[in-house]
Amino acid sequence: MSVLAVVLAAGASSRMRAPKALLRLRDGRTLLRAHLDALAGLEVRVVQGRWALPVPAVHNPDWATTGMVESLSLAIRGSQHPRILVTPVDAAPVDPADLERLLATPGAAALSWRGQNGHPIVVPRDAIRPPRPLNRLRFTSVEATSARVLVDLDTPERWRAFSS
């Protein structure tokens, strides 16, 4: 299966006031490490911006003025993978069973919970054309095993609720 996974971690983390990628889970792993572990078996590229990360990463020097699609475009440079899995670092790490079903779904697909799409998503490589947003794509919804696919860990309150 030729899928490149991209973890987007180039944001400012202004609401969190700390790099979200480096927040620690109860088991001691960082949120970024949990994503990398969940995506084991895939080639993974991480995009960093404001915060330096302790893993090899693609740097988006324009992180303050560009969006996710631009970071994604930087991450896929030089890749020939026809499909790209995308997850923001402030989403919950993907469940292995959900990941398997998502990757088995052709075309653009998103994990969902009760009809609402979440993360991660998988898109055809040729759909990534800045500044065109990915939300214009027609996604096949893949029902997840839990509502975790809708989690957005962008504030201290949400992080405490998730990590407790």
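Two strands pair if DSSP finds at least two bridges between them. Helices (H or I, at least four residues) and strands (E, at least two) are DSSP runs, numbered from the N terminus. This is a predicted model: local features need pLDDT of at least 70, side-chain atom pairs count only at pLDDT 80 or more, and totals for chains, interfaces and linings use all residues. Residues are numbered from 1 along each chain as its sequence is written, and side-chain values use heavy atoms, with hydrogens and water left out.

**Exercise 1.** Work out the strand order of the sheet and find its edges.

*Solution.*
- Begin with strand 2 and strand 3: they pair in the parallel sense over two bridges. Gln48 stands opposite His59 in strand 3.
- Go to strand 1. Six bridges join it to strand 2 (residues 43-48), and the two run parallel. Here Val7 faces Val46.
- Strand 1 also pairs with strand 4 (residues 83-88), parallel, over six bridges. Val6 is opposite Val86.
- The full order is 3-2-1-4-6-5-7, in an open sheet of seven strands with mixed pairing.
- Strand 3 (58-59) and strand 7 (140-143) each have a single partner strand, so one side of each lacks a neighbour in the sheet.

**Exercise 2.** Decide whether strand 1 is enclosed or open to its surroundings.

*Solution.*
- Apply the cut-offs: buried means under 20% relative accessible area, exposed over 50%, partly exposed in between (1.4 Å probe, protein chains only).
- Seven of the seven residues of strand 1 (residues 3-9) are buried, so the strand is largely enclosed by the rest of the structure.
- Split them by direction. Val3, Ala5, Val7 and Ala9 point one way, while Leu4, Val6 and Leu8 point the other way.

**Exercise 3.** Identify the largest nonpolar core and trace the contacts of Leu32.

*Solution.*
- A nonpolar core is a set of buried Ala, Val, Leu, Ile, Met, Phe, Trp, Tyr and Cys residues joined through side-chain atoms within 4.5 Å.
- The largest has 24 residues, and Leu32, Leu39, Val46 and Leu85 have the most contacts inside it.
- Strand 1, helix 1, helix 3 and strand 5 each give two or more residues to this core. Strand 1 supplies the largest share, four residues.
- Now take Leu32, leaving aside its neighbours within four places in sequence. Leu32 is in contact (heavy atoms within 4.5 Å) with Val7, Ala21, Val46, Leu53, Val55 and Val89.
- A second, separate core has 19 residues, including Leu4, Leu8, Val86 and Leu134.
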